[in-house]
Amino acid sequence: MDFVVETHDLRKYFGSIHAVDGVDLSVGRGEIYGLIGPNGSGKTTLIRLLIGLLRPTSGSIRLLGEDMPNKAILAQTGYMTQASALYEELTVRENVAFFADMCGKYDPTWRDEVIELVNLQDRSRSLIRTLSGGLRQRTSLACALAHKPRLLLLDEPTVGVDPQLRATFWSYFRSLADTGITLIISSHVMDEAERCDRLGFLRQGKLLAEGTPAVLRNQKGTTTLEEAFLQFAVEATEGGE
Ligand SMILES: Nc1ncnc2c1ncn2[C@@H]1O[C@H](COP(=O)(O)OP(=O)(O)OP(=O)(O)O)[C@@H](O)[C@H]1O
Ligand SMILES: [Mg+2]
């Protein structure tokens, strides 16, 4: 299988904090991979390592078949941060255009398409500072897509988004995956985890378990992923970690 994301024994230590602690990840083309874990489990750090914003303490990363860091590959990767990275004094469409332009891929038709995809066509000329949290979140997603990436890294993309739009986001994620785009999405919302093709349960920087939602539930004989996660966590604690 062609892996779009591969990490080997990836680690990031901040002093005594082992934020990412030996992660082996393999994510295939067109997969939606959910990074699931509680606050502080290392989700953002892992995503920031993948996109090259942090340098690993040790271990290796390959994206789209190339060893990282590699600028050409980064230009094919979209990243939606947990905190807004938008320019407050620019409009929605200017922000989308700016992000595309930075990668040398500005295309006004596509700009308008991604703005429509997140249903912001009526607000495309509004300044970011005049938008609500959910509207900003939609703009951030449009910006992450602005340069037609092959890999999308989305850090808690649906926080602050209303339930209806959340469902729309997820159907959109699925249609992106169907076109061969790979998505890594962090979340601690378990109903979102159910929508992923495969999950990695993260705790204290380590992958506790990996598999499809059904496999993870079956492994622990639970009806919910939340219960399965808790059981994996208890097992890891009893195992002396
Ligand atoms: N720049 C940094 N300097 C020191 N410690 C950091 C830094 N960035 C993250 N950490 C620590 O690394 C650990 C993992 O943080 P991270 O932000 O990756 O967690 P997370 O799973 O994304 O949490 P959340 O769900 O709250 O977003 C935490 O203990 C955090 O305090
Ligand atoms: Mg985070």
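**Figure 1. Overall view of the predicted model and its accessible surface.** The protein exposes about 11400 Å², of which carbon and sulfur atoms supply 50%. The model shown is predicted. Buried residues account for 51% of the 241 residues. The secondary structure comprises 9 helices and 10 strands. With a radius of gyration of 18 Å, close to the 18 Å given by the globule rule for 241 residues, the protein is as compact as a globular protein of that length. Along the principal axes, the C-alpha atoms fill a box of roughly 55 × 35 × 35 Å. Of the contacts between residues at least 6 apart in sequence, 66% join residues at least 24 apart.

**Figure 2. The contact between domain 1 and domain 2.** The domain assignment gives domain 1 as 3-76 + 150-238 and domain 2 as 85-149. A distance of 25 Å separates the C-alpha centres of the two domains. Domain 1 contributes 18 residues to the contact, and domain 2 contributes 12 residues.

**Figure 3. The tilted ring pair of Tyr 87 and Phe 99.** The whole structure contains 7 aromatic pairs. In the pair shown here, the ring centres of Tyr 87 and Phe 99 are 6.5 Å apart and the planes meet at 45 degrees; an edge-to-face label would require over 60 degrees and a stacked one under 30, so the pair is tilted. Tyr 87 belongs to the loop between strand S6 (77-80) and helix H3 (92-102), whereas Phe 99 lies in helix H3, 12 residues apart. Tyr 87 has a relative accessible area of 40% and is therefore partly exposed. Phe 99, at 19%, is buried, because the limit for burial is under 20%. Ring pairs also bring in Phe 98, which forms a cluster with Tyr 87 and Phe 99.

**Figure 4. The edge-to-face pair of Phe 201 and Phe 232.** The two rings are 6.0 Å apart centre to centre, with 65 degrees between their planes. Phe 201 is in strand S9 (residues 198-203) and Phe 232 is in helix H9 (residues 225-238), so the pair ties together parts that are 31 residues apart in sequence. Both rings belong to buried residues: the relative accessible area is 0% for Phe 201 and 6% for Phe 232. The face of Phe 232 has a further partner in Lys 220, which lies over it at 4.7 Å from the ring centre.

**Figure 5. Lys 148 over the face of Trp 110.** In this view, Lys 148 is placed at 5.1 Å from the ring centre of Trp 110.

**Figure 6. The cis peptide bond between Met 68 and Pro 69.** Omega for this bond is about 0 degrees. Most peptide bonds are trans. Pro 69 is located in the loop between strand S5 (66-67) and helix H2 (71-74).

**Figure 7. Positive phi values at Asp 9 and Asn 119.** Most residues other than glycine have a negative phi. Asp 9, which is not a glycine, nevertheless has a positive phi of about 45 degrees. This residue, Asp 9, is part of strand S1 (residues 3-14) and is partly exposed, with a relative accessible area of 30%. Asn 119 likewise has a positive phi, near 60 degrees. Its place is in the loop between helix H4 (108-117) and helix H5 (133-145).

How values were computed. Residues are numbered from 1 along each chain as its sequence is written. Chains are lettered from A and ligands numbered from 1 in the order in which they are written. This is a predicted model: local features need pLDDT of at least 70, side-chain atom pairs count only at pLDDT 80 or more; totals for chains, interfaces and linings use all residues. Side-chain values use heavy atoms; hydrogens and water are left out. Helices (H or I, at least four residues) and strands (E, at least two) are DSSP runs, numbered from the N terminus. Buried means under 20% relative accessible area, exposed over 50%, partly exposed in between (1.4 Å probe, protein chains only). A charge sits over a ring if NZ of Lys or CZ of Arg is within 6 Å of the ring centre and within 35 degrees of the ring normal. The radius of gyration is taken over C-alpha atoms; the globule rule is 2.2 Å times the number of residues to the power 0.38. Contact means heavy atoms within 4.5 Å. Accessible areas come from the Shrake-Rupley method with a 1.4 Å probe; for residues, only the protein chains shown count as cover. Domain bounds come from an automatic or database domain assignment.
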